[in-house]
Amino acid sequence: MANKQKLLASAQKHIQRGSYAKAAQDYAQALAEDPSDLRVMLKLGEAQQKDNDVVGAVETYSRVAHQYTGTGFLLKAAAVYKRILTIDPENVVVHVRLAEVYQHLGLLSDAMSYYYAVANILQKKGDVAGYQDVLGRMAAIEPDNVGIRIKLAEHYSRIGDIEAAVEEFQAAAELLRSTERLDDYVKVAERL
């Protein structure tokens with residue numbers, strides 16, 4: 001433990017001098033002595049981030065967030081996932097994990113906003129299977145969301161799964177009819 005304290009003191013000196021790569025090395029060595037110290041792991045991620053080691057910082061922060069999630073500290077995990085998104089905003093895995101954390105906390109509107117972000121990223125990348133999976137998750141959270149049902153129906157139609165497209169268009173049409181949105185109902189029924 002004495003060596004760990006020396007390494008942490010050395011890392012702090014390197015941080016003050018702006019030598020983030022050397023600080024990261026010291027933090028990594030300190031972490032090797034005590035791999036369960038999340039505080040040191042966070043400091044390692046910060047040093048990597050300041051050193052513009054995006055891959056290392058994302059990996060380190062992901063380990064921290066995973067540990068927080070596993071121990072039930074979901075709000076702390078969410079904060080770390082958000083930190084990752086500040087340095088890697090297109091990281092689909094982190095968006096999904098953050099959405100799952102919010103879903104587990106019962107913060108469904110927050111979960112949906114991250115799922116929307118994932119859906120947009122996947123659609124731009126042309127990831128058909130991932131896009132479909134995310135839309136399915138969104139429909140499971142908000143089964144009465146007509147917009148999601150229509151997006152899912154359009155997706156199925158594009159990939160040639162007519163049976164699934166018909167099912168989703170029917171579900172959307174029924175939701176519109178039940179809420180007496182008859183103009184919208186007619187439009188969806190025509191597409192069906």
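**Close-up views of a predicted helical chain**

**Figure 1. Lys76 and the ring of Phe73.** The charged end of Lys76 is placed over the ring of Phe73, at 5.3 Å from the ring centre. The coordinates are those of a predicted model. Phe73 is partly exposed, and its relative accessible area is 45%. This value falls between the 20% limit for buried and the 50% limit for exposed. Besides Lys76, which sits over its ring, Phe73 has a ring partner in Tyr68, shown in the next view.

**Figure 2. The edge-to-face pair of Tyr68 and Phe73.** Two aromatic pairs turn up when the whole structure is searched. In the pair of Tyr68 and Phe73, the ring centres are 6.4 Å apart and the planes meet at 75 degrees, so the arrangement is edge-to-face. The cut-offs behind this are a centre distance within 6.5 Å and an angle over 60 degrees. Are the two partners buried or exposed, or in between? Tyr68 is buried, with 12% relative accessible area, whereas Phe73 is partly exposed at 45%.

**Figure 3. The stacked pair of Tyr102 and Tyr114.** Tyr102 and Tyr114 form a stacked aromatic pair, with 5.9 Å from centre to centre and 20 degrees between the planes. Which helices does this pair tie together? Tyr102 belongs to helix H6 (residues 92-105) and Tyr114 to helix H7 (residues 108-125), so the pair links parts that are twelve residues apart in sequence. Tyr102 and Tyr114 are both buried.

**Figure 4. Surroundings of Gln48.** Gln48 is part of helix H3, which covers residues 38-50. Its relative accessibility is 11%, so Gln48 counts as buried; the limit is 20%. The side chains of Gln48 and Thr60 are joined by a polar contact of 2.6 Å. With residues up to four places away in sequence left out, Gln48 touches Ala24, Asp53, Gly56, Ala57 and Thr60. Thr60 thus appears both in this set of contacts and as the polar partner of Gln48.

**Figure 5. Arg137 in helix H8.** Arg137 is found in helix H8, residues 128-141. At 27% relative accessibility, Arg137 is partly exposed. What does Arg137 touch, not counting residues up to four places away in sequence? The residues are Val96, Glu100 and Tyr115. Arg149 is twelve residues from Arg137 in sequence, and their C-alpha atoms are 11 Å apart in space.

**Figure 6. Asn120 in helix H7.** Asn120 is located in helix H7, the helix that also holds Tyr114. Asn120 is partly exposed, with a relative accessible area of 38%. Between the C-alpha atoms of Asn120 and Gln16 the distance is 40 Å, at a separation of 104 residues in sequence.

**Figure 7. The whole chain, as context for the close-ups.** The chain contains eleven helices and zero strands. Its C-alpha atoms occupy a box of roughly 75 × 30 × 25 Å along the principal axes. The radius of gyration is 23 Å, against a value near 16 Å for a compact globule of 192 residues. Of the 192 residues, 42% count as buried. Among contacts in the chain with a separation of 6 or more, 38% are between residues 24 or more positions apart. The exposed area is about 10700 Å², of which carbon and sulfur atoms supply 51%.

Definitions and conventions:
Residues numbered from 1 in each chain as written. Predicted model: local features only at pLDDT ≥ 70, side-chain atom pairs only at ≥ 80, totals over all residues. Heavy atoms only, no water. Phe/Tyr/Trp six-rings, centres within 6.5 Å; stacked < 30°, edge-to-face > 60°. Buried < 20%, exposed > 50% of the residue type's maximum accessible area, 1.4 Å probe, protein only. Helix = DSSP H or I, 4+ residues; strand = E, 2+ residues; numbered from the N terminus. Lys NZ or Arg CZ within 6 Å of the ring centre and 35° of its normal. Polar contact = N/O pair within 3.5 Å; in protein donor to acceptor, adjacent residues only side chain to side chain. Contact = heavy atoms within 4.5 Å. Rg over C-alpha atoms; globule rule 2.2 N^0.38 Å. Areas by Shrake-Rupley, 256 points an atom, 1.4 Å probe, with all protein chains shown as cover.
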